Amino acid sequence: MPRVLSRETCQAIEQLFPRYPTRLAALIPALHLSQAQVGHISNDVELDLAELLDVPPSRVHEVATFYTMFHTEPAGRHTVRICRNLSCQLRGAEQIMKRAKELLGIDFGETTADGRITLEHEECLAACGTGPALWCDDNLVENLDEKKLETFLGGLK
Amino acid sequence: MSGHAYAPEGFETTLSKRWFVKDGFRYDTYVADGGYEGLRAALKLEPAEVIETVKKANLRGRGGAGFPAGVKWSFVPKESAKPKYIVVNGDESEPGTYKDRYVLARDPHMAIEGAIIAAYAIGAHQIYFYLRGEFGLPYRRLVAAIEEAYQKGILGQTVLGKSYRVDACVHRGAGAYICGEETALLESLEGKIGRPRLKPPFPAVVGAFGGPTVVNNVETLSCVPLIFTRGLDWFLKQGSEKNGGPKLICVSGHVARPGVYEVPNGYPCNKLLELCGGVWQGRQLKAVIPGGSSTPVLVPRPCKALAPPDAPESAWPLETEVPLDFDCVGRAGSMFGSAGMMVLDDRTCMVRTLAILANFYAHESCGQCTPCREGTGWNAKMLWRLERGEATETDIQTIDSASAHMLGMTICPLADAFAMPAQSYLSKFADEFREHVTRKGCWFPPFELAPHGDPFWEDTPR
Ligand SMILES: Cc1cc2nc3c(=O)[nH]c(=O)nc-3n(C[C@H](O)[C@H](O)[C@H](O)COP(=O)(O)O)c2cc1C
Ligand code: SF4
Ligand code: FES
């Protein structure tokens, strides 16, 4: 019996298996599905995935910690990732990052006390022509100015 | 409509054409515009003839290295005990690069068509699209397009009625620049951490799951159908010597009109800057990073290598007038890379610019080679010290030799991708670096918040 993963999540993961010649190849998509359900990749998630994919738990852990999109600690309901790379910086990303910290009252790498938002730096998001840019809930928010940032953050529930 | 506002006047756009058309991403739009006819034509040829045609088209890889696609395909062994694969590189993480995002979100069928032609050519039956994890809209549009292609009999047991099975699916990454490097990408596809493999063996022989694999960039494959619909002559004429076809160039930074421009290969850099409305706010051009953050910087100074052999110095073109193709940009001392062009105005601090990039490479090093792991981190620390005015003249020499010692010492080119540009900044802006010591820190203003870009380039609808 899985510890935390729901039936739906397990089924969605099993449906991935025929795509690949190995089960291990389904690990990264499986981590995405698990994070969507649980919110972060906890120890129990790792153990569930190890059993489901028939790989050692250490392997799952190694992968979950290597990729920056996976949270290994509990995170906010939304993760706001602001690009700090060159093209965005050339168009004023520093100011956007500073404003985000002020508006949320937290630093990068932190989560608001109400568990609403985790703030992260991001490397280039492939939105260099519409920077400054951020990525949140699988969408880009582009051509940011302070007003647009404030409206966007305010709209996250 | 064949031309548009992000291409030279009178130039017939083909790669970006449907980005400007309503519902350009749908199967019906694509087919009404001649879509999948390239595949139909290619399927009438023998696989070897397809490869030969792509070779003759001088189609150079658009992912970074500019390697001829047809030549790469020809390295795949004909007979193989293990299945062969086409892996489409949609990791698009090189700073400054944002073209594949629009191909996938606004014209995904073109990439699918190219990938199927490639599969047929090398004898593969499975295509994996590897997309960076942060691609939201591009992912959703590509998945929907693949679904359409199955329904229309373009993927599956038969391809356009020919009994040849091709399957395709999308694999999302999870945030790691290094997974754009083809062997790290294959590791990631296999469910492992993205650590580049030692080459040889090359992926064409031992690639995904041990089978022969061609890894090609999204744009590279999107060019392929054009070769078969428009023909070789047309394709060659759309480019320059040894650089066939049209090219997407991503312009960002200090220009009036950033965006992805479609131009013929070999289009002069200065003319492209004019198309972009020039340097913003009427300022002067300081430098151009031509091919993504990993490429050496070009400056508006005369360049002998771009001039005919006997030309007097007064007739040398400027580095920033270079014709934009892999060979010419190479001659000018840089690389065309992924065509992620970053434009810097005269208020840009080059120490800060390099320090920002050093942070990035330090963050993204996979850590398996000491010169890369230690070198990027150490350089980042030193460059920020210099920017704050806490470094000495000797420190600059150490930065110089430390980056020089990273060159050619590592498993993958990520270390070089920092060290080569670093060397170019240090040599072309030596005075500015030194002055950060004598003036005890940076005197340039902070980067200012830009006026809004064209909303056309934003992801819509959400
Ligand atoms: C550090 C690093 C990052 C790379 N990132 C990408 C990328 O995001 N997208 C891409 O297509 N190629 C990238 N490449 C180049 C690939 O390794 C490979 O050359 C390319 O996908 C081959 O396709 P092409 O021949 O069609 O260009 C990267 C290379 C390196 C060394
Ligand atoms: S050069 Fe850097 S990124 Fe490439 S394999 Fe070595 S440590 Fe990893
Ligand atoms: S530098 Fe910010 S999206 Fe590319």
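**Exercise 1. List the residues of chain B that ring pairs link into a cluster with Trp19(B).**

Solution. In this predicted model, the cluster joined by ring pairs holds Tyr6(B), Trp19(B), Phe20(B), Tyr98(B), Tyr102(B), Tyr261(B), Phe456(B) and Trp457(B). Over all chains, the count of aromatic pairs comes to 27.

**Exercise 2. Classify the pair of Trp19(B) and Trp457(B), and place both residues along the chain.**

Solution.
- Step 1: A pair of aromatic rings is described by the distance of the centres and the angle of the planes.
- Step 2: For Trp19(B) and Trp457(B), the ring centres are 6.1 Å apart and the planes stand at 85°.
- Step 3: Planes over 60 degrees apart count as edge-to-face, so the pair of Trp19(B) and Trp457(B) is edge-to-face.
- Step 4: Trp19(B) lies in the segment before helix H1 (27-32) of chain B, and Trp457(B) lies in the segment after helix H17 (430-438). The two are 438 residues apart, and their pair links distant parts of the chain.
- Step 5: Both Trp19(B) and Trp457(B) are buried.

**Exercise 3. Classify the pair of Phe67(B) and Phe75(B), and say whether each residue is buried, partly exposed or exposed.**

Solution.
- Step 1: The centres of Phe67(B) and Phe75(B) are 6.1 Å apart, with 45° between the planes. This aromatic pair is tilted.
- Step 2: Phe67(B) has a relative accessible area of 36% and is therefore partly exposed.
- Step 3: Phe75(B), at 47% relative accessibility, also counts as partly exposed.

**Exercise 4. Decide whether chain B is as compact as a globular protein of its length.**

Solution.
- Step 1: Chain B contains 17 helices and 10 strands.
- Step 2: Its radius of gyration is 22 Å, and the globule rule gives 23 Å for 462 residues. These values are close, so chain B is as compact as a globular protein of that length.
- Step 3: The C-alpha trace of chain B spans about 70 × 50 × 50 Å along its principal axes.
- Step 4: Of the 462 residues in chain B, 61% are buried.

**Exercise 5. Describe chain A by its elements, its extent and its charges.**

Solution.
- Step 1: Chain A has 7 helices and 4 strands. From the N terminus on, their order is α-α-α-α-β-α-α-β-β-β-α.
- Step 2: The C-alpha trace of chain A spans about 50 × 35 × 25 Å along its principal axes.
- Step 3: Chain A has 157 residues, of which 55% count as buried.
- Step 4: Chain A carries 16 positive and 23 negative charges, and the mean positions of the two sets are 5 Å apart.

Key: Residues are numbered from 1 along each chain as its sequence is written. Chains are lettered from A and ligands numbered from 1 in the order in which they are written. This is a predicted model: local features need pLDDT of at least 70, side-chain atom pairs count only at pLDDT 80 or more; totals for chains, interfaces and linings use all residues. Side-chain values use heavy atoms; hydrogens and water are left out. The radius of gyration is taken over C-alpha atoms; the globule rule is 2.2 Å times the number of residues to the power 0.38. Buried means under 20% relative accessible area, exposed over 50%, partly exposed in between (1.4 Å probe, protein chains only). Rings of Phe, Tyr and Trp (its six-membered ring) pair if their centres lie within 6.5 Å; planes under 30 degrees apart count as stacked, over 60 as edge-to-face and the rest as tilted. Lys and Arg count as positive and Asp and Glu as negative; His and the chain ends are not counted. The place of a charge is taken as NZ of Lys, CZ of Arg, CG of Asp or CD of Glu.
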